[in-house]
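Trainee: I'd like to learn how to read pockets, cavities and a bound ligand. Could you walk me through an example?

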Amino acid sequence: MRKKIIAGNWKMNKTPSETIGLINEIKEKNPAPDCDVVVCTPFVCLSNAVETAKGTNIKVGAQNLYFEDKGAYTGEVSADMLKDLGVEYVIIGHSERRQYFNETDITVNKKVIKALEKDLLPILCVGETLTDREQGVTDDVIRRQTKIAFLNVSKEDAKKVIIAYEPVWAIGTGKTATPEQANEVCAMIRDCIETLYDKDTADALRIQYGGSMNAGNAKELLSKPDIDGGLIGGAALKSDDFTTIIKSC
Ligand code: PGA
């Protein structure tokens, strides 16, 4: 049985002081879940997030990292810096980073490798655009993203990766993939992992759905056999909604 994992992707929202407030609210509504809970905050909020979440089941993640260890990379943040703060997870290859910040399958692969090397758990995002879906290339696009992201990743390390299937057309649009659509792609990703490694690895690895998941639709999505959690954007910014989603596990 795979343990479910609910992660909030705060994107560029909340200041460091607002972070304390939101995490305290989540703590108060303490869902005492049977699943892993992660909040992925902006870099500048991470320190407060780790401090506020200390001693609870809430873990903290970053939304990006750079694949070099240190040096002349103005504006970038390394895996060691995140580890030193007490960060445990890192989102890699979110579609907004691919779209607005020129991330490619290759840079995503380098970041996955660096995160694993430094003992950070990657939440690797893959997903098709509306055009991809309409042209019938969803499977091709997601298999390509997945295969390249796992280049030179060992079997042992592969099991630690969490994949977030996020159809780009569903992110922040209020249009959710149907539970059947979402499960179908998550199952296809699992099949892709089995092809790359083996059944044991595919069965162990957790695959989340993300894209307008909310308090109302989470339960049905999370009840599907190949959906092992959610990556939540908008609904992760409201403690009521986020804790309701956690309870849906
Ligand atoms: P959304 O975002 O829940 O607001 O659609 C999800 C994400 O981008 O991770």
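**Reading the ligand site and the empty spaces**

Mentor: Let's start with the shell around the ligand, whose residues split into four nonpolar, seven polar and two charged. Keep in mind that this is a predicted model.

Trainee: How many residues surround the ligand, and which are the closest?

Mentor: There are 13 residues around the ligand, with Lys11, His94, Glu166, Gly172 and Ser212 as the closest.

Trainee: What should I look for next?

Mentor: Look for pairs of N or O atoms within 3.5 Å, since that is the cut-off for a polar contact. Here, a side-chain N or O atom of Glu166 sits 2.7 Å from an oxygen atom of the ligand. Ser212 uses its backbone instead: an N or O atom there is 2.7 Å from a ligand oxygen. Asn9 has a polar side-chain atom 3.4 Å from an oxygen atom of the ligand.

Trainee: How much of the ligand does the protein cover?

Mentor: On its own the ligand has 280 Å² of accessible area, and the protein covers 95% of that.

Trainee: How do I go about finding the empty spaces?

Mentor: The general idea is that you roll a probe the size of a water molecule over the atoms, and that shows where empty space is left.

Trainee: Which pocket corresponds to the space taken by the ligand?

Mentor: The ligand takes up the second largest pocket, which has a volume of about 230 Å³. That pocket is lined by 20 residues, and Gly172, Ser212, Gly233, Gly234 and Ala235 are the closest to its centre. Sorted by class, its lining has seven nonpolar, nine polar and four charged residues.

Trainee: And what is the volume of the largest pocket?

Mentor: About 400 Å³. It has 14 lining residues, and those closest to its centre are Lys11, Met12, Gln63, Arg97 and Phe101. You've met Lys11 already, among the residues closest to the ligand.

Trainee: Which helix gives the most to the lining of the largest pocket?

Mentor: Helix H4, residues 95-100, gives the most, with three residues. By class, the lining of the largest pocket comes to six nonpolar, five polar and three charged residues.

Trainee: How many cavities of 30 Å³ or more does the structure hold?

Mentor: Just one. The largest cavity has a volume of about 40 Å³, and its lining includes Gly93, Cys125, Gln145 and Glu166. H4 and strand S5 (121-126) are the elements that give two or more residues to that lining. Its residues divide into three nonpolar, four polar and two charged.

Trainee: So Glu166 turns up twice!

Mentor: Right: Glu166 helps line the largest cavity, and its side chain also has an N or O atom 2.7 Å from a ligand oxygen.

Key:
Residues numbered from 1 in each chain as written. Predicted model: local features only at pLDDT ≥ 70, side-chain atom pairs only at ≥ 80, totals over all residues. Heavy atoms only, no water. Near = heavy atom within 4 Å. Polar contact = N/O pair within 3.5 Å; in protein donor to acceptor, adjacent residues only side chain to side chain. Areas by Shrake-Rupley, 256 points an atom, 1.4 Å probe, with all protein chains shown as cover. 1 Å grid on protein atoms, 1.4 Å probe; cavity = no way out; pocket = protein on both sides within 12 Å on 5 of 7 lines; lining within 4 Å. Sits in = over half its atoms within 2 Å of the grid points. Nonpolar A, V, L, I, M, F, W, Y, C, P; charged D, E, K, R; others polar. Points joined across faces, edges and corners; volume = space filled by probe spheres on them. Helix = DSSP H or I, 4+ residues; strand = E, 2+ residues; numbered from the N terminus.
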